[in-house]
Amino acid sequence: MFDVMMYDGGVYRSKELYEAIEDSGGVILQKVKSAQMLSVIMSVPREDKAHLTKVCTDIGGQVRSVPLAGTEIAVVGCTLGRHHMPHPICDIAEEIRQYGGISVVMGLARGRGKATSQISAYEKSILEEYDAVVFMLGDFQHCVEFKKHLFEDINAPVILVCGPRPDGIEDYCEAIIPGVGRKAERMKSAEEREKLEEIGETISKIIEQKKTMLDEDPLFIHPAELKQLLEMYEPIDMSLRPAPIVLHLDGLRVKIPYSKHKDYFDNLVVYGHKLNDIARVYESKIDDSSTIIRIKTHSEVGAR
């Protein structure tokens, strides 16, 4: 049994942490360095968790549980304008990071106004690349209820965060968290921090349900194992983009364009299989920016 935990600390002596993870048979799921600060999300054997915690403490870092580790979650506002992109969106995105997930903030091209708000099929296809989507709407109940078309038919778990609790739209999303709405300041009070924790816990429960469904027919290879193979590819290893490989529950986002590296992906061998035989590999919808890999389950690979 493996447990996932997160190290927060300095870069100094981080080599000792990497060696300890390797010696225990663990895997680094995500590593993000900013100046002299370092965050490492790791999956380690439960019997070695105490030892790894001591190593992290000895080198001056902190360790905590991260239930959203290995996920990428989109936080969506109506637009990127100041009126629709208030501080709570940034606070929610940061809360997701504190729970171990990778968060991406987005705004719709035509989300403004109750009667004119729209979402295109292209925008929905972008959101479906993520493990979950958080929609942040406003303070008017009738407006929130009218805008349910923005998140219906998205093939990913949707969590709605808004001001008043809307009626009659429970079937359009996995969870509704009222009591936030638009604010002109950061969520700093005790009550607001509790609301952020509620959002984090709700997303964690939905992700856990998705994990349980995947356990019924496990993936052919764990995304972290595939990540280790991909890291040996020089264009990925030399990439300067933050987190060049992002884990998803059922695959990965690799931040190199598929069109330029198609031959590598097509010829990569994983446990005696071509990558295309055990996964669906395709270009991200976000302007040729990355490659999406969706790993097939054991039953899908065995049915070939």
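Is Tyr271 buried or exposed? Tyr271 is exposed, with a relative accessible area of 57%. The legends below describe close-up views of a predicted model.

**Figure 1. Two residues with positive phi, Tyr271 and Asp153.** Tyr271 lies in the loop that joins β12 (269-270) to β13 (273-274). Its phi is positive, at about 50 degrees, although Tyr271 is not a glycine. Asp153, likewise a residue other than glycine, has a phi near 65 degrees. The loop between α5 and β8 holds Asp153, and this residue is exposed because its relative accessible area, 66%, is over the 50% limit.

**Figure 2. Surroundings of Glu152 in the loop between α5 (141-146) and β8 (158-161).** Glu152 counts as partly exposed, at 24% relative accessibility. Residues up to four places away in sequence aside, Glu152 touches Lys124 and Tyr172. Glu300 is 148 residues from Glu152 along the chain, and the C-alpha atoms of the two are separated by 28 Å.

**Figure 3. The largest pocket, with a volume of about 880 Å³.** The lining consists of 26 residues. Val4, Ser43, Lys211, Asp215 and His222 are those that lie nearest the centre of the pocket. At least two lining residues come from each of the strands β1 (2-10), β2 (27-34) and β10 (245-248) and the helices α6 (190-216) and α7 (223-230). Helix α6 gives the most, with 4 residues. By class, the lining has 16 nonpolar, 5 polar and 5 charged residues.

**Figure 4. The second largest pocket, with a volume of about 730 Å³.** Here 25 residues form the lining, and Ile28, Lys31, Lys227, Glu231 and Pro244 lie nearest the centre. The elements α1 (14-24), β2, α7 and α8 (234-237) each supply at least two residues. Strand β2 gives the most to this lining, with 6 residues. The lining divides into 12 nonpolar, 5 polar and 8 charged residues.

**Figure 5. The largest nonpolar core, with 31 residues.** The residues with the most contacts inside the core are Leu226, Leu230, Leu252, Val254, Phe265, Leu275 and Ile293. Two or more core residues come from each of the strands β2, β10, β11 (251-254), β14 (279-283) and β15 (291-295), and from each of the helices α7, α9 (262-267) and α10 (275-278). Helix α7 gives the most to this core, with 3 residues. With neighbours within four places in sequence left aside, Leu226 is in contact with Ile221, Leu252, Leu268, Val270, Leu275, Ile293 and Ile295.

**Figure 6. Surroundings of Phe265 in helix α9.** Phe265 is buried, because its relative accessible area of 0% is under the 20% limit. Beyond four places in sequence, the residues in contact with Phe265 are Leu230, Val254, Ile256, Tyr258, Leu275, Val281, Thr291 and Ile293. One of these contacts, Leu230, is 35 residues from Phe265 in sequence, and the C-alpha atoms of this pair are 9.3 Å apart.

**Figure 7. Cysteines Cys78 and Cys90.** The structure holds 0 disulfides. For Cys78, the closest cysteine sulfur is that of Cys143, at 7.1 Å; a disulfide requires sulfur atoms within 2.5 Å, so this pair is too far apart for a bond. For Cys90, the closest cysteine sulfur belongs to Cys78 and is 15 Å away, which is also too far for a bond. Cys78 counts as buried, at 4% relative accessibility, whereas Cys90 is partly exposed, with a relative accessible area of 41%.

**Figure 8. The second largest cavity, with about 30 Å³ of space.** A search of the whole structure finds 2 cavities of 30 Å³ or more. The second largest cavity is lined by Leu29, Gln30, Ile41, Gly70, Thr71, Gly100, Gly101 and Ile102. By class, its lining has 3 nonpolar, 5 polar and no charged residues.

Methods: Residues numbered from 1 in each chain as written. Predicted model: local features only at pLDDT ≥ 70, side-chain atom pairs only at ≥ 80, totals over all residues. Heavy atoms only, no water. 1 Å grid on protein atoms, 1.4 Å probe; cavity = no way out; pocket = protein on both sides within 12 Å on 5 of 7 lines; lining within 4 Å. Points joined across faces, edges and corners; volume = space filled by probe spheres on them. Nonpolar A, V, L, I, M, F, W, Y, C, P; charged D, E, K, R; others polar. Core = buried A, V, L, I, M, F, W, Y, C linked by side-chain atoms within 4.5 Å. Buried < 20%, exposed > 50% of the residue type's maximum accessible area, 1.4 Å probe, protein only. Contact = heavy atoms within 4.5 Å.
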